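Let's take a walk through this model together. Have the sequence and the 3D view open side by side as you read.

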Amino acid sequence: QNRLKEDCPFRLLIFARAYSFHHMAGEKTSVAHLFRHGSQGGSKTGCRAWARAEKELQVGLEKLYGKDPAYHPRGDLFKGRYSLILFENLTKESRIAEETMVNFQSEFIQKLSDVPIVALQT
């Protein structure tokens with residue numbers, strides 16, 4: 001991918017949970033910040049769905065991990081070229097629901113049965 005750039009016939013696809021990167025999205029040096037806020041820092045280039053769910057994600061994190069942010073996940077997205085499917089994983093009650101992404105990922109992988117795949121890791 002590095003050598004062929006846009007001409008590369010393969011693409012890395014990552015499934016991720018937004019709450020895992022929520023706190024790092026506030027760090028201006030993180031990849032999650034670039035994805036959440038956009039490279040120019042404006043809402044027109046950032047992830048609007050993530051912006052709309054910001055308060056609910058915070059509530060969901062507090063319900064799952066407690067109010068102290070020291071116990072909240074602080075993952076960052078990878079640098080590089082890939083496609084990302086990011087899930088907010090929230091219920092209507094602002095609770096984090098792990099099964100949302102797991103169900104989608106399972107169905108998605110099942111649909112790939114007719115597509116030639118070089119590698120698959122779950």
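How many helices and strands make up the secondary structure of the protein chain? Keep in mind that we're looking at a predicted model. The tally is five helices and two strands, and if you trace the chain along its sequence, you'll read the pattern β-α-α-α-α-β-α. Of the 122 residues in the chain, 29% count as buried. As for how the fold is wired up, take the contacts between residues at least 6 apart in sequence: 65% of those join residues at least 24 apart. The accessible surface comes to about 8,800 Å², with 53% of it belonging to carbon and sulfur atoms.

Now zoom in on helix H4, residues 54-65. Its 12 residues reach 16 Å from the first C-alpha to the last, close to the 16 Å expected at 1.5 Å a residue. Which residues of H4 are buried? They are Leu57, Gly60 and Leu61. Look down the axis of H4 and you'll find these buried residues within an arc of 100 degrees, so they line one face of the helix. Their cover includes helix H1 (18-21) and helix H3 (48-52). Just after H4 comes Gly66, which takes a positive phi of about 100 degrees.

The ends of this helix bring us to charged pairs. In general, side chains of opposite charge can pair when their charged atoms come close. The structure holds three salt bridges, and one of them joins the side chains of Arg36 and Glu54, at 2.6 Å from N to O. Arg36 lies in helix H2 (residues 31-37) and Glu54 in helix H4, so this pair ties together parts that are 18 residues apart in sequence. Is Arg36 buried or exposed? With 11% relative accessibility, Arg36 counts as buried, while its partner Glu54 is partly exposed at 32%.

Another bridge runs between Glu62 and Lys67, whose closest N and O atoms are 3.4 Å apart. Here Glu62 is partly exposed, with a relative accessible area of 26%, and Lys67 is exposed, at 67%.

The remaining pair is Arg17 and Glu98, whose side chains meet in a salt bridge at 2.5 Å, N to O. This one links distant parts of the chain: Arg17 sits in strand E1 (residues 13-17) and Glu98 in the loop between E2 and H5, 81 residues apart. Arg17 is partly exposed at 24% relative accessibility, and Glu98 is partly exposed too, at 30%.

Stay with that loop for a moment, between strand E2 (83-87) and helix H5 (99-111), and find Asn89. Its relative accessibility is 1%, so Asn89 counts as buried. What is Asn89 in contact with, leaving aside its neighbours within four places in sequence? The list takes in Arg17 and Tyr19, then Arg95, Ile96, Ala97, Glu98, Thr100 and Met101. Notice that both partners of the Arg17 and Glu98 salt bridge appear among those contacts.

The backbone is worth a glance here as well. Asn89 has a phi near 55 degrees, a positive value in a residue other than glycine. Further along, Ser94 has a positive phi of about 60 degrees although it isn't a glycine either. Ser94 is found in the loop between E2 and H5, and with a relative accessible area of 13%, Ser94 is buried.

Key:
Residues are numbered from 1 along each chain as its sequence is written. This is a predicted model: local features need pLDDT of at least 70, side-chain atom pairs count only at pLDDT 80 or more; totals for chains, interfaces and linings use all residues. Side-chain values use heavy atoms; hydrogens and water are left out. Helices (H or I, at least four residues) and strands (E, at least two) are DSSP runs, numbered from the N terminus. The expected span of a helix is 1.5 Å times one less than its number of residues. Buried means under 20% relative accessible area, exposed over 50%, partly exposed in between (1.4 Å probe, protein chains only). The arc is that of the directions from the helix axis to the C-beta atoms. Contact means heavy atoms within 4.5 Å. Accessible areas come from the Shrake-Rupley method with a 1.4 Å probe; for residues, only the protein chains shown count as cover. A salt bridge is a side-chain nitrogen of Lys or Arg within 4 Å of a carboxyl oxygen of Asp or Glu.
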